[in-house]
Amino acid sequence: MATAEIEDFNPPYLFPDYKITVQRAPSKRLVPLPKGWFHTAKGPVFGRVPVGPTDNDLTIQHAGRPIGQRIVVEGRVLDSDGRAVPNTLLEIWQTNACGAYVDPADPGFFPLDPNFTGAGRTITDIEGRFSFRTIKPAPYPGVIGGTFRPAHIHVSLFGPGMAGRLVTQCYFEGDHLIKHDAIAQSIPDRRGLDRLIARFNYDTIEPGGPDCAVHYDWDIVLRGPEATPMEH
Amino acid sequence: MSLSESLSDDVTSPSQTLGPLYGFALMFEGSEKMLERDDPAAIELVGRVTDAGGPVAWPEAMVEVWNGELWARGRTDEAGEFHFVIRKPGPEHTTDAEPLAPYLNVMVFARGLLKHAYTRLYFPDESAANAGDPVLALVDDDLRHSLIAQADGERLRFDVCLQGPEETVFFEY
């Protein structure tokens with residue numbers, strides 16, 4: 001199989017501004033797998049993860065309306081050769097409009113919204129498209145004395161094979177906290193961070209009404225099946 | 001701060017940390033089981049995730065083990081331990097028809113891991129296959145043991161050390 005080398009936009013394991021990486025980052029040389037065949041290793045099958053048809057609308061999971069600005073985050077999952085990645089599972093999780101997660105591990109600084117959980121799932125269509133309707137998450141400081149993180153949606157996706165497994169975060173255009181955030185700034189190449197910032201799209205904004213949403217465009221690009229990371 | 005006007009197709013989406021607050025979204029009933037515990041092929045797998053400071057305890061680490069159809073997702077507990085019900089995958093070959101010893105991909109996601117750590121679990125009762133495996137052959141002799149699960153009574157144990165003297169061997173991906 002022909003392989004093409006592409007740039008790696010991932011952050012390093014060790015990024016001291018994000019303090020916990022100092023004790024947690026693997027420190028030994030990573031073993032490279034042989035080129036040409038490891039990408040054919042079968043990817044995970046996620047048929048057991050339950051996905052309902054409305055799981056991509058986080059605003060209708062409870063009896064009442066959630067508090068906050070409704071947003072739509074929509075885009076395509078592509079590979080680095082520009083091909084659509086259809087039929088792949090995306091799982092998302094986020095805070096409510098106040099900056100609180102439903103998770104029991106949340107520090108509980110901010111109130112929960114009884115009408116918002118903040119977890120969603122969807123499967124990309126044949127063109128790799130996905131769309132989530134949700135509430136704009138809020139910045140929050142993770143711990144007492146911590147710094148505010150920019151608003152973000154956590155995203156997990158599987159992609160077509162082993163190289164496609166990705167857990168990342170979606171940020172929002174215009175958020176001034178991005179440039180002060182150690183996690184976002186761990187990405188060494190500015191183009192990589194830009195890839196994670198959803199772009200406000202006025203053309204698709206919805207006409208006024210009680211449930212109208214502003215739209216953000218956000219594409220996800222996975223390494224193509226024939227691509228291997230460049231040697232560093 | 002302005003965004004790049006347009007990004008070329010080869011700018012791939014970088015990884016970001018899982019963070020500690022994913023449980024309500026990613027964990028579901030039975031996610032840690034590839035098959036039912038009473039299935040004759042079922043194997044109980046336990047392990048501990050540690051870093052240079054000790055156990056990576058709840059809520060901070062999520063582990064996925066998989067190979068094709070087989071997939072499970074678990075979370076470390078207060079002691080940094082994960083528990084899975086797994087089965088040994090069937091035989092596989094490389095594209096050059098070289099036989100591979102049975103293995104499971106193991107991915108660790110955690111607060112403080114800006115990208116996941118990827119390792120492979122091999123089975124202790126496959127000594128001959130392990131000895132001829134082309135991936136294990138890439139690993140230094142004195143480190144290879146970190147990729148082979150240990151029999152622990154009826155169970156298998158596979159500890160993952162992210163950093164420190166006992167650091168697990170991880171692969172590039």
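Two strands are taken to pair if DSSP finds at least two bridges between them, and the pairing of strands in this predicted model is described on that basis. In chain A, strand β9, which comprises residues 166-172, is joined to strand β10, residues 197-201, by two bridges, and the two strands run parallel. Within this pairing, A:F172 of β9(A) has A:A198 of β10(A) as its bridge partner. Strand β9(A) is also joined to strand β8 of chain A, residues 153-157, in this case by five bridges and in an antiparallel arrangement, with A:S156 facing A:V167 as its bridge partner in β9(A).

The surroundings of β9(A) are consistent along its length, in that seven of its seven residues are buried. Both faces of the strand are covered, since on one side A:L166, A:T168, A:C170 and A:F172 are buried, and on the other side A:V167, A:Q169 and A:Y171 are buried as well.

A further buried position in chain A lies outside the strands, namely A:P66, which is placed in the loop between α1 (21-24) and β2 (70-79). This residue counts as buried because it has 20 C-beta neighbours inside 10 Å, and a residue is classed as buried if 20 or more other C-beta atoms lie within that distance. When neighbours within four places in sequence are left aside, A:P66 is in contact with A:T59, A:N96, A:D113, A:N115, A:F116 and A:I135. By C-alpha positions, A:P66 lies 25 Å from A:T124, a residue from which it is separated by 58 residues in sequence.

Chain B contains two helices and twelve strands, and from the N terminus on its elements follow the order α-β-β-β-β-β-β-β-β-β-α-β-β-β. The C-alpha trace of chain B spans about 55 × 40 × 35 Å along its principal axes. Its radius of gyration is 17 Å, which agrees with the value near 16 Å that a compact globule of 173 residues would have. Buried residues account for 47% of the 173 residues in chain B, and among contacts between residues at least 6 apart in sequence, 63% join residues at least 24 apart.

Four strands of chain B form an open sheet with the order β4-β3-β8-β9 and antiparallel pairing. Strands β4 (70-75) and β9 (117-122) stand at the edges of this sheet, each with a single partner strand, so that one side of each is left without a neighbour in the sheet. From one strand to the next, the twist averages 20°. Strand β3(B), residues 61-67, is joined to β4(B) by six bridges, and these strands run antiparallel; within this pair, B:E64 has B:R73 as its bridge partner in β4(B).

In soluble globular proteins, nonpolar side chains tend to be buried together. The largest nonpolar core of the model holds 100 residues, of which A:V73, B:V65, B:V108 and B:L121 touch the most other members. Strand β8 of chain B, residues 103-110, gives the most to this core, with seven residues. For B:L121, when residues up to four places away in sequence are not counted, the contacts are with B:V65, B:Y103, B:L104, B:V106, B:L147, B:A149 and B:F158.

Notes. Residues numbered from 1 in each chain as written. Chains lettered and ligands numbered in written order. Predicted model: local features only at pLDDT ≥ 70, side-chain atom pairs only at ≥ 80, totals over all residues. Buried ≥ 20, exposed ≤ 12 C-beta atoms within 10 Å, placed from the backbone. Axes fitted to C-alpha atoms, helices over the stretch in contact; angles between N-to-C directions. Rg over C-alpha atoms; globule rule 2.2 N^0.38 Å. Contact = placed C-beta atoms within 7 Å. Core = buried A, V, L, I, M, F, W, Y, C linked by C-beta atoms within 7 Å.
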